[in-house]
Amino acid sequence: MTRAVHAAGGKIALQILHTGRYAYHPLAVAPSRLQSPISPFTPFALSSRGVERQIRAFVNCAAKAREAGYDGVEIMGSEGYLINQFLSQATNLRTDDWGGDYSHRMRLPLEILARTREAVGPDFILIYRLSMIDLVPGGSAWDEIVTLGKAVARGGASIVNTGIGWHEARIPTIATSVPRAAFAWVTQKMKAEFAAAGIATPLVASNRINTPEVAEQVLADGCADLVSMARPLLADPAFVKKAIQGRADRINTCIACNQACLDQVFQNRVSSCLVNPRACHETELVYRPIPTAAARKRIAVVGAGPAGLTAATVAAERGHEVHLFEAAPEIGGQLNMAKVVPGKEEFHEMLRYLAMRVQDTGVALHLNRRVQAPDLAGFDEVVVATGVSPRDPHIPGQEHPKVLSYIDVLRHGQPVGERVAVIGAGGIGFDVAEFLVEGGHSTTLDLPAWQAEWGITDPALARGGLAPAGPQATPPARQVTLLRRKKGKLGAGLGKTTGWIHRTTLKRKLVEMVGGVNYERIADEGLLVSYGEKREASAWIACDSVVLCAGQVPLRELADALQAQGRCVHLVGGALEAGELDANRAIDQAARLAARL
Ligand code: NAP
Ligand code: SF4
């Protein structure tokens with residue numbers, strides 16, 4: 001397989017392959033001294049000599065990649081990095097030869113490309129990543145993008161890849177709520193332009209292509225000649241092999257959550273993958289087969305949520321005899337709630353993969369089995385992954401018939417009124433609010449509706465592909481008030497790269513977000529709240545339903561009973577620690593435990 005590295009300038013991000021760590025140059029440079037809304041730095045405007053130095057750095061980087069044995073490099077001309085900033089009239093205010101009209105603004109990529117080609121020779125792969133839709137105000141117009149696309153194709157690029165949106169765009173481009181292959185139509189437009197100009201350079205489609213079926217469809221529809229993927233290969237490094245072997249149902253699908261890859265990078269942590277905890281930890285998290293039949297243990301895993309499923313399948317893969325007990329009639333635990341939230345449909349893939357793993361690793365699955373401590377007498381090891389139960393917020397009047405738990409809503413589909421107060425604004429409070437305002441419709445499964453919701457249009461109609469009328473959200477299915485006791489911005493604790501999407505979606509659906517409340521009482525009138533420590537002011541929130549999303553507590557009765565008998569138990573997932581419980585931590589913990597058993 002071709003290996004390639006990104007040559008990225010501007011914020012000068014050097015990706016060190018395999019570790020997932022990013023190193024940043026202390027000096028940020030740009031065509032003009034304009035701070036990006038997502039950068040902590042105001043950049044230095046490059047002098048003409050500085051531009052020359054940048055070009056030499058790109059060329060040098062590509063030459064060194066060749067020397068190091070790479071078959072090609074990708075020149076990052078998109079996503080709002082340095083080259084892209086030179087192209088846009090909004091970020092390039094220069095009056096020298098590198099600014100002004102488009103023929104001057106596009107000089108930088110063409111110089112980089114020409115000189116790189118000269119340095120690396122004709123047989124080295126040079127991919128140019130072309131920003132085909134900037135999704136920012138003042139972004140490139142379609143005729144400019146086409147002019148550049150043709151020029152890079154004729155100017156030395158072996159392949160042209162599709163860049164979608166600047167990082168600072170207020171439109172999601174890779175998150176799980178983005179429809180699959182949502183931007184393949186942009187590449188298709190460029191393909192038509194290339195064909196009309198007699199250009200045969202292959203074009204690559206990108207963004208939210210996460211299964212072989214989606215990739216094949218993009219190709220079959222004539223949208224592109226190739227597809228590119230990054231996160232799906234973190235989720236499953238054997239993606240391509242399994243697809244070739246016709247075992248696509250065995251692929252561990254990237255659910256586009258960003259939780260363990262991008263979000264961890266932004267926390268200066270090694271990137272990994274929520275569905276594949278071995279990603280970037282391959283040398284330390286090794287599933288060694290047990291050495292002899294005598295070492296084979298009988299292991300009971302109780303609870304078939306993400307933690308239990310991972311523990312069971314990893315232990316079985318290593319050669320142990322594993323029995324997985326689940327009280328419910330299906331596997332998945334909390335994932336079964338996530339999958340019904342609009343925009344979280346990818347959780348179906350996670351469940352499909354985990355079910356296949358149970359089958360393939362030979363785990364003995366016992367559904368509808370609520371085990372007690374005596375049932376586990378004959379096992380060498382017991383893993384308790386019994387998960388969580390909803391926290392009781394002890395609000396006076398919470399036994400009122402209008403009060404529901406998030407489980408009633410997401411799992412049992414209980415009817416919910418027109419006006420709803422949601423108590424608790426963590427991940428689940430946000431999920432429930434989205435579920436309620438969408439009223440059964442998911443724009444993730446409806447591309448035109450999703451484009452309208454985010455204000456995306458054809459870049460041939462408006463610069464940057466931003467619809468002049470802006471985002472057009474449909475009216476909410478219900479009137480929702482989202483509440484929490486803590487003051488401050490609601491949703492601040494959600495994922496770094498995805499929290500803003502949830503907050504924006506709820507704002508557009510007119511969800512009222514209220515922090516700093518005390519819950520006084522629930523009654524026929526609705527929910528009575530007061531404000532401040534002294535509870536000086538109070539107000540009724542008129543509502544037909546109140547949904548409790550007040551966090552969770554560990555479910556540990558079984559573990560306690562086993563421990564009372566002197567048994568050694570291993571706790572994983574929510575049963576170990578419910579606070580800030582998430583599937584990422586649960587799966588990682590369970591895999592590490594099972595690798596040691
Ligand atoms: P959470 O994130 O811990 O949030 C619990 C909420 O309940 C908080 O808003 C908290 O706010 C409130 N609360 C806590 N104790 C309360 C009490 N005694 N009375 C009333 N309210 C109380 O838990 P979660 O929402 O159940 O989510 C669980 C985990 O699932 C999250 O940590 C997250 O990792 C994961 N998840 C994430 C997402 C996402 O990122 N989109 C979606 C779903 C789930 P106050 O204490 O301020 O009132
Ligand atoms: Fe995909 Fe989530 Fe894994 Fe990132 S952490 S590669 S988005 S599944």
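## Asking how we know

Visitor: What makes up the shell around ligand 2, in terms of nonpolar, polar and charged residues?

Guide: The shell around ligand 2 divides into 9 nonpolar residues, 1 polar and 1 charged. Keep in mind that we're looking at a predicted model. Cys, Leu, Ile and Ala all count as nonpolar, while Arg counts as charged and Asn falls among the polar ones. Now hold the names against that: Arg 231 and Asn 258 are in the shell, along with Leu 234, Cys 254, Ile 255, Ala 256, Cys 257, Ala 260, Cys 261, Cys 273 and Leu 274.

Visitor: How do you know that these residues surround ligand 2?

Guide: The test is a heavy atom within 4 Å of the molecule. Cys 254, Cys 257, Cys 261 and Cys 273 are among the residues that surround the ligand.

Visitor: And where does ligand 2 sit?

Guide: In the second largest cavity. To say "sits in", more than half of a molecule's atoms must lie within 2 Å of the cavity's grid points, so ligand 2 passes that test.

Visitor: Let's move to the strands. Why is strand 18 called largely enclosed?

Guide: Strand 18 covers residues 479-483, and 4 of those 5 residues are buried, so the rest of the structure largely encloses the strand. Buried here means under 20% relative accessible area.

Visitor: What makes strand 17 and strand 18 a pair?

Guide: Two strands pair if there are at least two bridges between them. Strand 17 (residues 419-423) and strand 18 have 5 bridges in the parallel sense, so they qualify as a pair. Ile 423 stands opposite Leu 483 there.

Visitor: How do you know that strand 18 is joined to strand 19?

Guide: Strand 18 and strand 19 (residues 512-514) run parallel and share 3 bridges, so the two-bridge cut-off is met again. Leu 483 turns up here too, opposite Val 514 in strand 19. Helix 17 (residues 499-508) joins the picture as well: strand 18, helix 17 and strand 19 form a β-α-β unit, and it is right-handed.

Visitor: Why are strand 20 and strand 21 called mostly covered?

Guide: For strand 20, 5 of its 7 residues are buried. For strand 21 (residues 526-531), the count is 5 of 6.

Visitor: What makes strand 20 and strand 21 a hairpin?

Guide: They are antiparallel, with 6 bridges joining strand 20 (residues 517-523) to strand 21, and 2 residues lie between them. Ala 523 has Gly 526 as its bridge partner, and Tyr 519 stands opposite Val 529. Strand 21 also pairs with strand 22 (residues 537-542), antiparallel and over 6 bridges; Leu 528 faces Trp 540 there. That second hairpin has 5 residues between its strands, and Gly 532 takes a positive phi near 80° in it.

Visitor: Which residue other than glycine has a positive phi near 55°?

Guide: That's Asn 368, found in the loop between strand 13 (364-366) and strand 14 (381-384). Asn 268 isn't a glycine either, and has a positive phi of about 60°. Look for Asn 268 in the loop between helix 10 (262-266) and strand 11 (298-302).

Visitor: Why is Asn 268 called exposed?

Guide: Exposed means over 50% relative accessible area. Asn 268 has 68%, so it counts as exposed. Asn 368 has 52%, so it is exposed too.

Visitor: Then why does Val 120 count as buried?

Guide: Val 120 has 3% relative accessibility, so it falls under the 20% cut-off and counts as buried. Val 120 belongs to helix 4 (residues 107-120). From Val 120 to Ala 157 is 37 residues in sequence and 12 Å in space, C-alpha to C-alpha.

Visitor: And what makes Leu 576 partly exposed?

Guide: Its relative accessible area is 34%. That value is neither under 20% nor over 50%, so Leu 576 is partly exposed. Leu 576 lies in the loop between strand 25 (569-571) and helix 19 (583-596). Its C-alpha is 15 Å from that of Gly 333, with 243 residues separating the two along the chain.

Note on methods: Residues numbered from 1 in each chain as written. Chains lettered and ligands numbered in written order. Predicted model: local features only at pLDDT ≥ 70, side-chain atom pairs only at ≥ 80, totals over all residues. Heavy atoms only, no water. Buried < 20%, exposed > 50% of the residue type's maximum accessible area, 1.4 Å probe, protein only. Helix = DSSP H or I, 4+ residues; strand = E, 2+ residues; numbered from the N terminus. Right-handed = clockwise from strand over helix to strand, strands pointing away. 1 Å grid on protein atoms, 1.4 Å probe; cavity = no way out; pocket = protein on both sides within 12 Å on 5 of 7 lines; lining within 4 Å.
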